[in-house]
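Please look over the sequence and the model shown here before reading on. The report that follows goes from a single backbone detail to the chain as a whole.

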Amino acid sequence: MSLEDRAKATAKNIEGKAQEAASELTGDPKDKAEGQAKQAEAQAEHAKEDIKDNIKKAID
């Protein structure tokens, strides 16, 4: 497990949530979509790290 990769994914998720919340105030659908995309990307990164952890556990 790469703690650094997980931290980056968490930061991207927080950034996406903030961008999505800001879009609610401004009414900008583009910002909302970008925020949601960042959150989805962060979820994918976490899933990738989970797979890497599971493979490492299986080998050990």
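## From one glycine to the whole chain

In this predicted model, Gly27, which comes just after helix 1, takes a positive phi of about 75 degrees. Helix 1 itself covers residues 3-26, and its 24 residues reach 34 Å from the first C-alpha to the last, which is close to the 34 Å expected at 1.5 Å a residue.

Some residues of helix 1 are buried, namely Arg6, Ala9, Gly16, Gln19, Glu20 and Ser23, and what covers them includes helix 2, residues 29-59. When reading such a list, it helps to recall that an α-helix has 3.6 residues a turn, so residues three or four places apart point the same way.

Taken as a whole, the chain has two helices and zero strands. Its C-alpha atoms fill a box of roughly 50 × 15 × 10 Å along the principal axes, and its radius of gyration is 15 Å, whereas a compact globule of 60 residues would have one near 10 Å. Among the contacts with a separation of 6 or more, 53% join residues that lie 24 or more positions apart.

The table gathers some shares for the chain.

| Quantity | Value |
|---|---|
| Buried residues among the 60 residues of the chain | 18% |
| Part of the exposed area supplied by carbon and sulfur atoms | 58% |

The exposed area to which the carbon and sulfur share refers is about 4,300 Å². As for charge, the chain carries 11 positive and 14 negative side chains, and the centres of these two sets lie 3 Å apart.

Definitions and conventions: Residues are numbered from 1 along each chain as its sequence is written. This is a predicted model: local features need pLDDT of at least 70, side-chain atom pairs count only at pLDDT 80 or more; totals for chains, interfaces and linings use all residues. Side-chain values use heavy atoms; hydrogens and water are left out. Helices (H or I, at least four residues) and strands (E, at least two) are DSSP runs, numbered from the N terminus. The radius of gyration is taken over C-alpha atoms; the globule rule is 2.2 Å times the number of residues to the power 0.38. Buried means under 20% relative accessible area, exposed over 50%, partly exposed in between (1.4 Å probe, protein chains only). Contact means heavy atoms within 4.5 Å. Accessible areas come from the Shrake-Rupley method with a 1.4 Å probe; for residues, only the protein chains shown count as cover. Lys and Arg count as positive and Asp and Glu as negative; His and the chain ends are not counted. The place of a charge is taken as NZ of Lys, CZ of Arg, CG of Asp or CD of Glu. The expected span of a helix is 1.5 Å times one less than its number of residues.
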